[in-house]
Amino acid sequence: MEALRGIDLDLPRSRFTAIMGPSGSGKSTLMHCLAGLDQAGGGTVTVAGIELGSLDDDALTVFRRRHVGFVFQSFNLLPMLTAEQNILLPLELGGGRIDEAVRERARTLAETIGVADRLGHRPAELSGGQQQRVAIARALVTQPDLVFADEPTGNLDSTASAEVLEHLRRSVRELGQTVVMVTHDRDAAAHADDVITMADGRIA
Amino acid sequence: MRTVVRASLRIHARRYVAAAIAVVASVAFVVVIGVLTAGARAGFMENAGAPFRGADHVVEAPEDGPEPGPPCCPGTLDLSDAIALIDRLGDNASGLGRVDLPAYREDGTPVGWGDFRGGTTVGPIAAAEELRWQKLVAGRFPDGTGEAVMHVWDAQAQEVAVGDRIRVGDGASATDLEVVGLVVSPTTWTQASMYVTWPQYVQWRDRPTFHVGSIAVRGDVGPVPEGMTVWSAEQYVRNGLAGLNNDTDVIALMLLLFAGVAMVVSALVVANTFSIVLAGRLRDFALLRCVGATRRQVLGAVQREAAAVGVLASLTGTLLGVGLGYGLLPLINALAPTTPLAAPALPMPWLLGGFTVGLLVTVLASGLPARQVVRVSPLSALRPETTLDVRTATGRARQVLAALLLLAGLALLGVAMIRDSTALMVAGGGAVFAGVQLFGPVLVPRLVRITGAVLGPAGRLATENAVRNPRRTATTTAALLVGVTLTTAVLTGMATWRAALDEVHVRHNPIDAALTSLDEPVGTDLLDQVRRTAGVEQAIAVDGAVARITGFGAPLPVVTAPSAAQVARDGGSFAQVEPGTIRIDLDAFVDPGVEPGDQVTVQVGDRAAQLRVIALTGWGQAAVVAPETLARLTDTPQPRVIWVRASAGAEPLALVEALDGVADAAGVGLEDRLQAQAVANRERDILTWSVLGLLGISVAIA
C-alpha cells in the first residue's frame with residue numbers, strides 16, 4: 001500500500017508551513033520522509049541540497065543532527081538531563097565543544113523563549129508548556145535548515161498552545177528559520193504562512 | 001554523550017543494584033578463594049615449607065624404589081651422596097636432617113626431661129643467610145664447630161642461657177658446644193632442639209639416627225647420583241601443599257566450580273537487569289536516535305554504563321573478597337587446625353583476575369540487551385505515548401530456531417530416558433530451556449491470556465495490561481524462568497550430590513562413634529550409660545581381645561561383631577569378614593607400617609594367627625575378624641569396644657561432647673565420625689545457600 005502518491009512539494013526557506021489533513025491522510029509519513037526519519041520508496045527528497053534517498057542510516061542520522069530540528073507532541077525531553085543539557089544535546093551528539101559561547105547562545109535562546117529561569121530543572125519539574133518551549137530551544141540550537149513540529153500543541157491547553165505557536169512564528173520571523181508543522185488543529189494552522197492540506201496520500 | 005551517560009548512571013543507578021550485587025558477590029567469591037589458597041601456601045611456607053623459602057631447588061629421595069637412607073629413617077637420602085653433594089655446592093646448599101644425641105651440662109647433669117632426659121636433637125643450620133629458616137631471638141648464629149644455637153623453648157625449659165656449654169654426644173664423638181644464640185624455628189620434621197654448622201653436624205654421621213632428609217639448594221643443582229630427585233622449589237611446595245591435606249585441593253576445586261556457577265548466574269542476572277532497565281528506556285534511545293545519535297553512539301553509551309557498573313561492582317567485590325578472605329583465615333584455623341593458614345601477601349593475580357572477570361561478565365552480559373535497544377527506530381520517539389518495541393527481522397528465524405530447539409530437546413529427553421544417559425538429559429533439558437526462552441515473546445502473552453480468561457473481567461483487564469508490551473512481558477518472564485530453573489536445578493543437583501555423598505559416607509563410615517578400651521573390658525554399666533546418652537539410637541558392646549599385630553607399635557583390639565547390623569550404617573556388611581583375613585581401618589592410625597594385602601601376624605597372649613589385611617574405613621582403632629578367627633586367638637573374648645549409632649535428629653557436636661564425658665569418666669578412648677560429617681555438611685550448606693542467594697537475586701529482579 002502506498003502512503004504517499006504524486007507529491008510534488010517545494011518548501012520555501014524562512015516560511016512557516018502547516019501540513020493539515022485527517023488521520024491517515026499521509027501527513028506524518030510525508031513529514032518523516034522530509035525529516036530523514038523514513039525513506040520514500042520512490043521519488044526524491046532533497047533538503048538543503050542533500051538527496052536523502054542515497055543516504056545510509058548513519059548518514060541520515062548525521063543529516064538529522066545537522067539540518068533538522070524536532071518538536072514533538074509528547075515533548076520528548078530526556079528525563080535524566082536538565083533543561084539546559086537537553087537544549088545542548090544535539091550539539092553534544094555532534095561532538096562539538098560545549099564552550100561558554102555555545103552556552104551563552106543556548107541561554108539567549110532560552111531567554112527568548114521564556115525558560116531561562118528553568119534551565120537547571122529536569123523535565124519532570126517543568127509544566128507541559130515549559131517542556132515544549134525547551135524542546136523548541138533544542139530544535140533551534142543547531143540553527144537547522146528545517147524545524148519539524150509534529151502536533152506540537154496536541155498535549156497543551158489553549159494558553160500554552162498559543163505561546164508555543166507564537167515562539168515557532170517568531171523563530172521564522174526573527175531568526176529566519178524554516179518551520180514545517182503537522183497538525184489537524186485549524187487554529188494552530190492559522191499561525192502558519194502557508195497551509196498544505198492532504199487527503200489519501202495526496203496534496204489536496 | 002558523556003552528559004547522557006553520567007546523567008543516566010545517576011538516575012538509573014538504583015536499578016542496577018541487583019546486577020551490581022550479583023557481580024560483587026561473584027568477584028568476592030573468586031577473591032576469597034584466592035586469599036585462602038594464598039593463605040594455605042603462606043601457612044605451608046611458615047611451617048613445613050620454611051626450610052625451602054630461599055631455595056630454587058629441593059633434592060629429595062625418590063618416592064618409589066629402594067630406600068637409599070639409613071635404616072632409622074625411611075624416605076631420606078643416601079648419606080655419602082648427600083654429604084658429597086652439599087660439599088660440592090658449598091654455601092648454596094642447606095642440608096636438612098636431625099640426629100639424636102646424649103647431652104649433658106658441664107657439671108654432668110643430664111639435659112632434657114622425661115623420655116628425652118639426657119638427650120637432645122641436633123640439626124644443621126645453613127651457611128647462607130637466605131637459606132636459614134631459624135629466626136634468631138638472642139645472641140648470634142654459630143660461626144664454626146664448637147658453637148650452637150638452641151631453640152628458645154628448650155632453652156627456657158632447661159634454663160640454658162647464651163654462653164652456657166653443653167656436652168653433646170658420647171665417646172669419641174663427644175663435643176662441647178657453646179650456646180651462642182637462641183632461635184625459634186617452625187614445627188617441621190626438621191625441627192631440632194639445637195642447631196649447629198654443617199661441618200659440626202657431619203661429625204656425628206656414624207650415629208644411628210643421623211640422616212639428611214632433603215637438601216635446599218640455591219641456583220642450579222647440577223648432576224645428581226641415582227637415588228636423588230630434584231624438584232623446583234615451586235613444584236616441591238605445590239606437592240607439599242597437596243600432600244598436606246588432600247581435602248584442601250578438593251575444596252578449592254569445588255569452590256572454583258561454585259565461583260564458575262556464580263559467574264554464570266551473575267551473567268544472567270546482569271543480562272536480565274539490563275534487558276529490563278533498557279526496555280524501560282526505549283523511548284529515550286529512540287529520541288536520541290531522532291535528534292542525531294548514531295547507533296554506535298547509543299551502543300557506546302550503554303556499554304559505558306555497563307562498564308561503570310562493572311568497574312564499581314568488581315572493585316567493591318574485590319575489596320569485600322579481601323576483607324572476607326583475611327577474616328576467614330583465623331576462623332578456618334580455629335575450625336580446622338590441621339590445615340594451618342597464614343595471612344598471605346595480597347594475591348595480586350587473583351585480585352586482578354577476579355576484577356577482570358567481573359568487569360568482562362558485566363560488559364559482555366549487557367552486550368546482547370544493548371545491541372537490541374540500538375535497533376530501536378528513531379520514528380518511535382514520535383509516536384505519542386504508545387508502547388515501544390524492538391522489531392527485528394530475525395523474528396521468524398528466531399521462531400523457527402525455537403521450534404527446532406524444542407523438538408530436538410524433547411527428542412533428546414526421550415532418548416535420555418530410554419538410555420538413562422545424563423549427558424543427553426542435560427543437552428535435551430538445555431535445548432528445551434533455550435527453545436522456551438526464544439518462544440517467550442510469542443508464548444508468554446498467549447499463556448497470560450489463557451490464564452486471564454478464567455479470572456473474569458478483572459482478570460481480562462490485568463491480562464491486557466500484562467501483554468501490552470509482549471517483549472517486556474517476555475523479558476520479565478524469561479528472567480523469572482532463568483532464576484527459577486536454575487534454582488530448581490541447583491536444589492536438585494545439591495540433593496543428588498548430597499545423596500551420593502551420603503551413600504559414600506555410609507560406605508566409608510559405617511559406625512558413628514566408637515568407645516575403645518585396651519586396659520579393661522568395657523562393662524555393662526558403661527554400655528547402659530552410653531545407651532542412655534541423649535542422641536544415641538543404639539549402642540552395642542563388641543567382643544574381642546587385645547592383640548599385637550605386626551606393623552603396629554601399640555596393642556590393638558581384635559573384635560568380631562555378628563550383631564554389627566544393629567548399629568552399622570551399612571547394614572553391618574563391613575563386619576562380615578572372611579576367615580583368614582583381618583579388616584583394619586587404616587585411616588584411624590598415623591602411619592602404620594602395614595599395607596592392604598600384607599600378611600600380618602596377630603598375637604593374643606601366646607596364640608598367634610597369620611591373616612591377610614583388608615583395608616576398609618570407618619569404625620576406628622579396632623581390627624575386625626571372623627568369629628572363627630577370634631576363636632583361634634582366644635577362648636575368652638571380652639567386650640572391648642562399644643559401637644554407637646546416633647539417632648536421626650541428634651545434634652552431632654552435643655552428642656560427641658556427651659559421649660566424650662562418658663568415655664573420659666570410664667577411662668576409655670572415643671573416636672567419632674560425626675564431627676567431620678557435621679563440618680562437611682556445614683560447608684556444603686554454606687555453598688548451597690551462597691549459590692541460592694545469588695539465584696534469589698535474579699528471581700527478585702524478575
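How many bridges join strand 3 of chain B to strand 8 of chain B, and do they run parallel or antiparallel? That's the warm-up; keep in mind that you're working with a predicted model.

**Exercise 1. Place strand 3 of chain B among its neighbours.**

Solution. Start with the opening question: 4 bridges join strand 3 to strand 8 (residues 194-197) of chain B, and the two run parallel. For a spot to look at, find B:G123, which stands opposite B:Y195 in strand 8 of chain B.

Next, turn to strand 2 (residues 93-105) of chain B. It is joined to strand 3 of chain B by 4 bridges, but this pair runs antiparallel. Here you can pick out B:D100, whose bridge partner in strand 3 of chain B is B:T121.

Finally, check burial. In strand 3 (residues 119-125) of chain B, 6 of the 7 residues are buried, so the rest of the structure largely encloses this strand.

**Exercise 2. Work out how helix 13 and helix 14 of chain B lie against each other.**

Solution. First, get the geometry: helix 13 (residues 422-453) and helix 14 (residues 456-466) of chain B pack at about 165°, with their axes 8 Å apart.

Second, name the arrangement. Angles over 145 degrees count as roughly antiparallel, and helix 13 and helix 14 of chain B are therefore roughly antiparallel to each other. Their crossing is right-handed.

Third, list who touches whom. Helix 13 of chain B brings B:V448, B:R449, B:G452 and B:A453, while helix 14 of chain B offers B:G459, B:R460, B:A462, B:T463 and B:A466. Sort the residues of this contact by character and you get 4 nonpolar, 3 polar and 2 charged.

**Exercise 3. Decide whether helix 3 of chain A is enclosed or open.**

Solution. Begin with the count: 10 of the 11 residues of helix 3 (residues 83-93) of chain A are buried, so the helix is largely enclosed by the rest of the structure.

Then go through the names. The buried residues of helix 3 of chain A include A:I87, A:L88, A:L89, A:P90 and A:L91. Don't skip the others, though: A:E84, A:Q85 and A:N86 are among the buried residues too.

Last, step just past the end of helix 3 of chain A, where A:G95 takes a positive phi of about 80°.

**Exercise 4. Sketch chain B as a whole.**

Solution. Count the elements first: chain B has 19 helices and 19 strands. Now look at burial: 40% of the 702 residues of chain B count as buried. To finish, take the contacts in chain B between residues at least 6 apart in sequence; 79% of them join residues at least 24 apart.

Notes: Residues are numbered from 1 along each chain as its sequence is written. Chains are lettered from A and ligands numbered from 1 in the order in which they are written. This is a predicted model: local features need pLDDT of at least 70, side-chain atom pairs count only at pLDDT 80 or more; totals for chains, interfaces and linings use all residues. Axes are lines fitted to C-alpha atoms, for helices over the stretch in contact, and angles run from 0 to 180 degrees between N-to-C directions. Angles under 35 degrees count as roughly parallel, over 145 as roughly antiparallel, 65 to 115 as roughly perpendicular and the rest as oblique. A crossing is left-handed if the near helix is turned anticlockwise from the far one by less than a right angle, and right-handed if clockwise. Two residues are in contact if their C-beta atoms, placed from the backbone, lie within 7 Å. Ala, Val, Leu, Ile, Met, Phe, Trp, Tyr, Cys and Pro count as nonpolar, Asp, Glu, Lys and Arg as charged, and the others, Gly among them, as polar. A residue is buried if 20 or more other C-beta atoms lie within 10 Å of its own, exposed if 12 or fewer, and partly exposed in between; C-beta atoms are placed from the backbone. Two strands pair if DSSP finds at least two bridges between them.
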